[in-house]
Structures are given as C-alpha cells and as structure tokens.
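Subject: Structure handover: ligand site, pockets and cavities

Hello,

Here is the structure for you to take over. My notes on the ligand site and the empty spaces follow below it.

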Amino acid sequence: MQNGKTALVTGAGRGIGRAIAKRLAEAGYYVIINYNGSQEAAEAALSEIQEAGGAGETSRCDVSDYAACETMIKELAERLGSIDVLVNNAGITRDTLLMRMSEEDFDRVLSINLKGAFNCTKFVSKYMMKKRFGRIISISSVSGVMGNAGQANYAASKAGLIGLTKSVARELAGRNITANAIAPGFIDTDMTAVLGEKLKEGVTDAIPMKRFGKPEDVAALAAFLASEEANYITGQVIAVDGGMSM
Ligand code: NAP
C-alpha cells in the first residue's frame with residue numbers, strides 16, 4: 001500500500017541502493033531509482049518492486065554533475081509534488097596507496113561520493129523546507145570513521161559526508177528535516193566482490209561477528225531512519241558493521 005510519500009535513492013540499480021529502494025517501496029514509498037551507468041539493472045530493480053506491489057520509476061543522472069542534479073530534482077519534485085526522503089547512496093572506490101594515487105583517482109571519488117551528496121541534498125532540501133518535512137540519509141562508511149590504508153580518497157569522501165550530514169542536520173532541524181549518516185562495514189556487493197580472497201579473510205578476522213553484512217542489513221536501518229519513528233533522531237552516524245568500528 002502506498003504511503004503518499006516519495007523517496008529518491010541515488011545509485012539504486014545495484015547493491016545497497018537497490019536493497020534500500022526495495023525496502024522503502026515495501027514501506028509504501030513511491031521510489032525513484034537513480035542510476036548512472038546501469039540502466040538495465042535499474043529497470044530490473046523497478047520491475048522487482050512493481051511485481052511485489054510497489055511503485056516507482058527510474059531516473060538517469062550522474063550525481064557528480066551539479067546542473068544535471070538540479071534538473072532531475074526540479075522535474076521530479078514539481079511533477080510528484082515533493083521528495084520526502086533522499087538517500088545519498090551512490091559511491092565508487094578507486095583504491096590504491098597514497099604514493100600511487102593520482103589526482104584523477106582523488107577527484108573522481110570525491111566528486112561522486114561527496115559532491116554528489118552535496119548536489120542532491122542542496123536541491124532536494126529546497127522542496128523539503130517548503131513542505132516542512134524531510135529525511136536525508138547518507139551512506140558513509142567505517143572507512144570514513146576509522147580511516148583505511150589504500151583508501152585515502154574514499155575515506156576522505158566518507159568522513160566528508162559525516163561533516164556534511166551534521167551541518168545540514170543543524171541547518172535544517174528547525175524545518176522538521178532530519179539528516180543522518182549510516183556507516184556500513186563490509187557488505188556483500190559488487191564493490192567488495194573485487195577484493196582478493198586474502199584481503200577478505202583479513203577483514204573478516206577484524207569483524208567481531210566474523211562475516212560480511214548484507215545490503216538488507218543497511219536497508220533496514222535506512223527504512224527506520226526514513227520512518228515517523230525516527231523523527232527525533234538527527235545528526236547521527238550509525239554503524240552497521242558487525243561491531244567492526246566499536
Ligand atoms: P556498488 O554495488 O558498487 O554500487 C554502487 C552504486 O553507485 C551503483 O548503483 C552505481 O550506479 C552508483 N553510482 C556510481 N557512480 C554514480 C554516479 N556518478 N551517479 C549516480 N550513481 C552512481 O556499491 P555498494 O556496495 O552498493 O555501495 C553503495 C554505497 O554504500 C556506496 O556509497 C558505498 O561507498 C557505500 N558503502 C559500501 C560498503 C560495502 O562494503 N559494500 C561499505 C560501506 C559503504 P551505476 O552502476 O548506474 O553507475
């Protein structure tokens with residue numbers, strides 16, 4: 001059953017974003033599945049949602065493109081009436097040690113992971129402020145909290161997301177808009193599938209629960225933060241990491 005609210009999930013064709021879109025659709029949101037390169041995956045995610053009785057649409061936009069984000073969000077908000085929930089999920093890695101990290105490796109990761117979230121948050125908040133309601137959820141990472149060798153660019157982008165979240169939470173609290181970050185640990189998706197077996201074993205050893213999480217573990221928290229029940233929670237960073245960062 002629809003709840004009359006809309007949710008925009010960036011990078012929702014695959015992985016964690018897809019699980020979040022599915023979970024929000026189950027909760028009754030009209031879900032906008034944003035994607036950049038994975039059109040087929042985004043359409044498959046939408047079909048899955050529709051087959052389960054949910055509703056939504058797909059929308060292509062590179063979140064690092066400021067003007068494209070403005071155009072997408074303006075069109076969606078005006079046509080649909082509002083965007084009640086924004087999930088800044090789109091993200092990439094370009095892992096390598098600092099000495100080998102190129103300027104391009106640094107800039108690309110920051111422009112998608114951090115500037116992409118700034119772009120979407122800025123344009124969506126305009127409509128949330130008018131409605132005096134909004135939920136902004138950004139997918140950070142344990143790397144942003146703890147740092148990680150080989151991820152100077154990624155960890156910087158994810159720590160930046162935490163600063164963005166807390167600042168936005170302070171600015172928009174008076175308008176009944178909450179902003180929170182989720183810091184997942186290691187979750188089974190395409191992003192972690194590329195890690196070598198030896199590295200995976202080492203990482204698993206550092207996780208008190210001794211296993212990787214599932215995209216659904218992150219989606220459950222995102223759905224809670226979007227819900228009415230979370231209306232007094234803002235500016236927080238909540239880990240979903242099997243105890244890794246405690
Ligand atoms: P994934 O499977 O690699 O998916 C990444 C998603 O980001 C894809 O849907 C991709 O869409 C989208 N994306 C990439 N560049 C984009 C752009 N320029 N514009 C719009 N969308 C873009 O990764 P994941 O594991 O699900 O990660 C999702 C988020 O969780 C990321 O922010 C990641 O940093 C974070 N995270 C993941 C883990 C983990 O262990 N997996 C842990 C902590 C945090 P297209 O394919 O359409 O480009």
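Which atom of the ligand does a backbone N or O atom of Gly 11 lie 2.9 Å from? An oxygen atom. Before going further, please note that this is a predicted model.

**The ligand**

Two other polar contacts are worth a look. Ser 38 uses its side chain: an N or O atom there is 2.4 Å from an oxygen atom of the ligand. Val 63 uses its backbone: an N or O atom there lies 3.1 Å from a nitrogen atom of the ligand. As for cover, the ligand taken alone exposes 880 Å², and the protein buries 95% of that.

The shell around the ligand has 30 residues. Ile 16, Ser 38, Asn 89, Tyr 154 and Thr 189 come nearest. By class, the shell divides into 13 nonpolar, 13 polar and four charged residues.

Which elements supply at least two residues each to this shell? They are helix 1 (15–26), strand 2 (30–35), helix 6 (152–172) and helix 7 (190–193). Helix 7 gives the most, with three residues.

**The largest pocket**

The ligand takes up the space of the largest pocket. That pocket holds about 1100 Å³ of space. Its lining counts 49 residues. Closest to the pocket centre are Gly 91, Ile 92, Thr 93, Thr 189 and Met 191. Thr 189 is thus on two lists: it is among the residues that come nearest to the ligand, and it is among those closest to the centre of the pocket.

Several elements each supply at least two residues of this lining. Helix 1, strand 2, helix 6 and helix 7 are among them, and these four also each supply at least two residues of the ligand shell. The pocket list further includes helix 4 (103–131), helix 5 (142–146) and helix 8 (197–205). By class, the pocket lining has 21 nonpolar, 21 polar and seven charged residues.

**The second largest pocket**

This one has a volume of about 150 Å³. Gly 15, Arg 18, Ala 19, Lys 22, Arg 23, Glu 26, Glu 48, Glu 216 and Ala 219 line it. What is the make-up of this lining by class? It has two nonpolar, one polar and six charged residues.

Helix 1 and helix 9 (215–226) each supply at least two residues here. Helix 1 gives the most, with six residues. Helix 1 also supplies at least two residues to the lining of the largest pocket.

**The cavities**

How many cavities of 30 Å³ or more are there? The count comes to two.

The largest cavity has a volume of about 50 Å³. Its lining is Thr 10, Val 63, Asn 88, Asn 89, Ala 90, Ile 112, Asn 113, Gly 116, Ala 117 and Leu 161. The largest share, four residues, comes from helix 4. By class, there are five nonpolar, five polar and no charged residues. Two names recur from the ligand site. Val 63 lines this cavity and has a backbone N or O atom 3.1 Å from a ligand nitrogen atom. Asn 89 lines this cavity and is among the residues that come nearest to the ligand.

The second largest cavity has about 40 Å³ of space. Asn 88, Thr 121, Ile 136, Ser 138, Leu 164, Thr 165, Val 168 and Ala 179 line it. Strand 5 (134–139) and helix 6 each supply at least two of these residues. Helix 6 gives the most, with three. By class, this lining has four nonpolar, four polar and no charged residues. Asn 88 lines the second largest cavity and also lines the largest cavity.

Over to you.

Best wishes

Key:
Residues numbered from 1 in each chain as written. Predicted model: local features only at pLDDT ≥ 70, side-chain atom pairs only at ≥ 80, totals over all residues. Heavy atoms only, no water. Near = heavy atom within 4 Å. Polar contact = N/O pair within 3.5 Å; in protein donor to acceptor, adjacent residues only side chain to side chain. Areas by Shrake-Rupley, 256 points an atom, 1.4 Å probe, with all protein chains shown as cover. 1 Å grid on protein atoms, 1.4 Å probe; cavity = no way out; pocket = protein on both sides within 12 Å on 5 of 7 lines; lining within 4 Å. Sits in = over half its atoms within 2 Å of the grid points. Nonpolar A, V, L, I, M, F, W, Y, C, P; charged D, E, K, R; others polar. Points joined across faces, edges and corners; volume = space filled by probe spheres on them.
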